[in-house]
Amino acid sequence: LIQGVTARNIDLHCRDSFPPCMRRMFSKLRETHHLKHTGRMQLGLFLKGAGLSLEDSMQVWREELTRVVGDKFDKEYAYNIRHNYGLEGKRVNYSPYSCAKLIPTLPGTGEYHGCPFRYMERDELLEFLKSAQCGLSDAQAHNVLEPLFRKGEPKHYHVACRAFWHALHGADPTTDEPIVHPNQFFELSYRARH
Ligand code: SF4
């Protein structure tokens with residue numbers, strides 16, 4: 001388990017080590033103070049896998065959601081957070097979702113879950129990768145998108161995601177395993193930094 005992800009330092013971890021899918025959801029949570037159910041599930045389980053304790057998770061979500069849902073946070077939303085940590089309902093310790101589960105999950109209007117490499121158009125992706133959420137240069141962003149838009153080939157999501165990882169950390173042939181899980185991305189990134 002990764003140590004050190006807390007309510008206080010989570011924004012730094014997002015900037016340094018979150019994969020694109022989780023950057024997008026977490027940034028939208030900070031910006032709009034809300035995420036719809038599927039986004040809350042995907043991001044919440046990822047954060048749990050990234051080492052965020054139940055107490056800190058509650059703090060992060062409460063701080064944002066109460067601005068939009070007020071008292072409903074304690075009545076409805078807190079239950080789902082405890083549920084993710086296996087403390088409610090069937091008491092299952094739910095695992096964070098893999099890329100295989102995220103990629104087919106397309107977001108509707110006002111939703112931000114799923115894999116941006118799958119659901120965003122090329123121009124939107126370029127803008128996203130160069131925005132403060134990701135912080136890539138124009139050349140880095142084009143390089144990340146190359147595996148997605150090869151003529152006559154299917155989109156290689158995991159290759160694009162690894163290219164994003166390399167844009168953050170520099171090329172390292174010893175860590176070239178494909179990205180198949182957002183928490184794998186995070187853990188490889190965390191290890192590269194510590
Ligand atoms: Fe997230 Fe996986 Fe898509 Fe990367 S490939 S952005 S880790 S869902």
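These are my notebook entries on a predicted model, taken one topic at a time.

**Entry 1: the cores**

I began with the nonpolar cores. Which residues touch the most other members of the largest one? I found Phe18, Met22, Phe26, Leu29, Leu43, Trp61 and Phe73 in that role, in a core of 33 residues. I then looked up the helices behind this core: H1 (10-17), H2 (20-32), H3 (37-49), H4 (54-69), H5 (72-84) and H11 (182-193) each supply at least two of its residues. I also noted another core, apart from this one, with 25 residues. Leu145, Leu148, Trp165 and Phe185 are among its members.

Back in the largest core, I picked Met22 for a closer look. What does Met22 contact once its neighbours within four places in sequence are left aside? My list reads Gln42, Leu43, Phe46, Leu102 and Pro182. I was pleased to see Leu43 there, as Leu43 is also one of the residues that touch the most other core members.

**Entry 2: around the ligand**

Next I went to the ligand. I wrote down its surroundings as Pro19, Pro20, Cys21, Cys99, Leu102, Cys115, Cys161, Ile179 and Pro182. How do the residues of this shell divide into nonpolar, polar and charged? I got 9 nonpolar, no polar and no charged. Two helices, H2 and H6 (99-102), each supply at least two residues of the shell. Leu102 and Pro182 caught my eye: both belong to the ligand's surroundings, and both are contacts of Met22.

**Entry 3: H1 against H2**

I then turned to a helix pair. Two packed helices are described by the angle between their axes and the distance between the axes, so I looked up both values. For H1 and H2 the angle is about 145 degrees, and the axes are 10 Å apart. The crossing is left-handed.

Which residues of H1 and H2 meet? From H1 I listed Ile10, Asp11, Cys14, Arg15, Asp16 and Ser17, and from H2 Arg23, Phe26 and Arg30. By class, this contact holds 3 nonpolar, 1 polar and 5 charged residues. Phe26 takes part in the contact of H1 with H2, and Phe26 is also on my list of core residues with the most member contacts.

**Entry 4: His13**

While in H1, I stopped at His13. Is His13 buried or exposed? It is buried, because its relative accessible area of 9% falls under the 20% cut-off. Beyond its neighbours within four places, His13 is in contact with Gly4, Val5, Phe18, Phe186 and Tyr190. I also checked His13 against Ser189: the two are 176 residues apart in sequence, yet their C-alpha atoms are 9.6 Å apart in space.

**Entry 5: Arg62 and Phe128**

Arg62 sits in H4. I noted Arg62 as partly exposed, at 33% relative accessible area. Not counting residues up to four places away, Arg62 touches Phe73 and Asp74. From Arg62 to Ser17 I read 45 residues in sequence and 23 Å in space, C-alpha to C-alpha.

Phe128 belongs to H8 (residues 122-130). Phe128 counts as buried, at 5% relative accessibility. What does Phe128 touch, not counting residues up to four places away in sequence? I wrote down Pro20, Arg24, Pro116, Met120, Gln133 and Cys134. Of these, Pro20 had already turned up around the ligand. Phe128 and Glu153 are 25 residues apart in sequence, with 23 Å between their C-alpha atoms.

**Entry 6: loops**

I finished with the loops. His33, in the loop between H2 and H3, has a positive phi of about 60 degrees although it is not a glycine. Arg91, in the loop between H5 and H6, also has a positive phi, near 55 degrees, and is likewise a residue other than glycine. Why does Arg91 count as exposed? Its relative accessible area is 56%, and exposed means over 50%.

The loop between H5 and H6 also holds Glu88. Glu88 counts as buried, because its 19% relative accessibility is under the 20% cut-off. Leaving aside neighbours within four places, I listed Tyr79, Arg82 and His83 as contacts of Glu88. My last reading was from Glu88 to Met22: 66 residues along the chain, with the C-alpha atoms separated by 25 Å.

Note on methods
Residues are numbered from 1 along each chain as its sequence is written. This is a predicted model: local features need pLDDT of at least 70, side-chain atom pairs count only at pLDDT 80 or more; totals for chains, interfaces and linings use all residues. Side-chain values use heavy atoms; hydrogens and water are left out. A nonpolar core is a set of buried Ala, Val, Leu, Ile, Met, Phe, Trp, Tyr and Cys residues joined through side-chain atoms within 4.5 Å. Buried means under 20% relative accessible area, exposed over 50%, partly exposed in between (1.4 Å probe, protein chains only). Helices (H or I, at least four residues) and strands (E, at least two) are DSSP runs, numbered from the N terminus. Contact means heavy atoms within 4.5 Å. A residue is near a molecule or strand if one of its heavy atoms lies within 4 Å of it. Ala, Val, Leu, Ile, Met, Phe, Trp, Tyr, Cys and Pro count as nonpolar, Asp, Glu, Lys and Arg as charged, and the others, Gly among them, as polar. Axes are lines fitted to C-alpha atoms, for helices over the stretch in contact, and angles run from 0 to 180 degrees between N-to-C directions. A crossing is left-handed if the near helix is turned anticlockwise from the far one by less than a right angle, and right-handed if clockwise.
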